[in-house]
Amino acid sequence: MESENQTSVTEFIILGLSSHRGTQLWLFALLLGMYVITLVGNIVIIVTIRIDPCLDTPMYFFLGNLSFLDICYTSSVVPQMLVHFLAQHKAISFSRCTAQLYVSLSLGSIEFILLAVMAYDRYVAICNPLHYTVTMSRRVCIQLAVASWASGFLNSLVQTTFTMRLPFCGFNIINHFACEAVALIKIACSNTYVNEIILMMASVLILIIPCSFIILSYIYIISSILRICSSEGRYKTFSTCTSHITVVMLCYGTAIFAYMRPRASVSPNQDKMFSLFYAVVTPMLNPVIYSLRNKEVKEALAKAMGSGLSSEKR
């Protein structure tokens with residue numbers, strides 16, 4: 001079936017966000033600016049964590065993973081979008097479409113799992129502080145990170161295999177800005193019931209279960225914080241979680257609203273907006289959230305900038 005599929009469809013036409021030339025140029029400038037901000041912001045976070053010994057903790061180890069993930073994820077989608085804004089023939093080959101689908105699905109899945117791991121880190125730090133260094137040892141952190149990445153790649157392998165084996169019967173126009181599973185399933189010319197079941201199961205495994213784990217973790221965290229006597233202590237403890245909670249609400253809120261609703265109630269344009277927010281806006285906002293709402297990161301950035309200015313004066 002796969003060989004027949006590749007014979008009948010050798011490339012896909014991406015409709016993108018707009019067919020109006022002026023709008024395309026405006027979107028090119030906007031998304032290029034957002035992409036640069038995303039790269040710079042996340043690279044700054046990674047470098048700051050690497051050079052500041054005070055940030056050599058499990059929480060910032062996972063934050064470094066998240067920043068690297070955001071760079072990779074947005075880079076799997078945005079450069080292709082920018083090229084298509086300027087190109088007359090907005091096509092992508094079958095093999096490149098398969099690669100983009102696999103990579104974007106992998107990285108998106110990893111992010112949801114990684115956010116759940118970060119919630120577990122906060123749970124151990126606040127609810128079991130005496131065992132924190134043992135429970136969240138360097139070895140355990142690496143194992144959790146590897147498990148997150150491996151789970152994401154495995155989920156994507158299953159979804160990409162089932163999606164790209166669908167027959168498209170020569171119909172190759174994707175009403176999206178990238179090769180996305182739901183958009184590809186819509187243009188298949190056979191029964192897609194199995195694919196829809198697999199997509200729903202993946203949504204439960206990658207979205208609902210980690211999200212439920214995060215909610216449960218924060219129920220325990222909040223109950224522990226409320227037992228702290230001083231209001232200053234409660235504020236200081238909870239402030240270590242605010243950045244993570246904000247990112248979780250952005251990522252999970254958008255994804256659950258996009259993928260867990262009945263497909264008939266979602267228009268293609270709504271699908272594009274949800275995907276655009278998750279692929280472009282969220283990776284850009286994550287470093288801003290962690291740098292503005294996290295005292296330790298702000299202090300590390302200020303220290304790094306101060307050291308840089310001192311070196312220049314010398």
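The questions and answers below deal with the cysteines and the small set of strands in a predicted model. In this predicted model, local features need pLDDT of at least 70 and side-chain atom pairs count only at pLDDT 80 or more, while totals for chains, interfaces and linings use all residues. Residues are numbered from 1 along each chain as its sequence is written, and side-chain values use heavy atoms, with hydrogens and water left out.

User: How many disulfides does the structure hold?
Analyst: A disulfide is a covalent bond between the sulfur atoms of two cysteines. Here the term is applied to a pair of cysteine sulfur atoms within 2.5 Å. One such pair is C97 with C179, at S to S 2.0 Å, and another is C169 with C189, at 1.7 Å. The number of disulfides in the structure is 2.

User: Which parts of the chain does the pair C97 and C179 link?
Analyst: Helices (H or I, at least four residues) and strands (E, at least two) are DSSP runs, numbered from the N terminus. The disulfide joins C97 to C179, and these residues are 82 apart along the chain. The parts linked are helix α5 (residues 94-127), which holds C97, and the loop between β3 (173-174) and α8 (181-186), which holds C179.

User: Is the disulfide of C169 and C189 left-handed or right-handed?
Analyst: C169 lies in the loop between α7 (138-164) and β3, and C189 in the loop between α8 and α9 (193-226), so the pair ties together parts that are 20 residues apart in sequence. The torsion about the S-S bond of C169 and C189 is about 65°, so this disulfide is right-handed.

User: Is C241 buried or exposed?
Analyst: Buried means under 20% relative accessible area, exposed over 50%, and partly exposed in between, with a 1.4 Å probe and protein chains only. C169, at 55% relative accessibility, counts as exposed, whereas C189, at 38%, counts as partly exposed. C241 has a relative accessible area of 0%, so this residue is buried.

User: Why does the sulfur of C241 form no bond with that of C127?
Analyst: C127 is in no disulfide, and the nearest cysteine sulfur to its own is that of C241. The two sulfurs are too far apart for a bond, because the distance between them is 9.0 Å.

User: What is the order of the strands in the open sheet?
Analyst: Two strands pair if DSSP finds at least two bridges between them. Strand β1 (residues 11-14) is joined to β2 by 3 bridges, and these strands run antiparallel. The edge strands, each pairing on one side only, are β2 (91-93) and β3. The order is β2-β1-β3.
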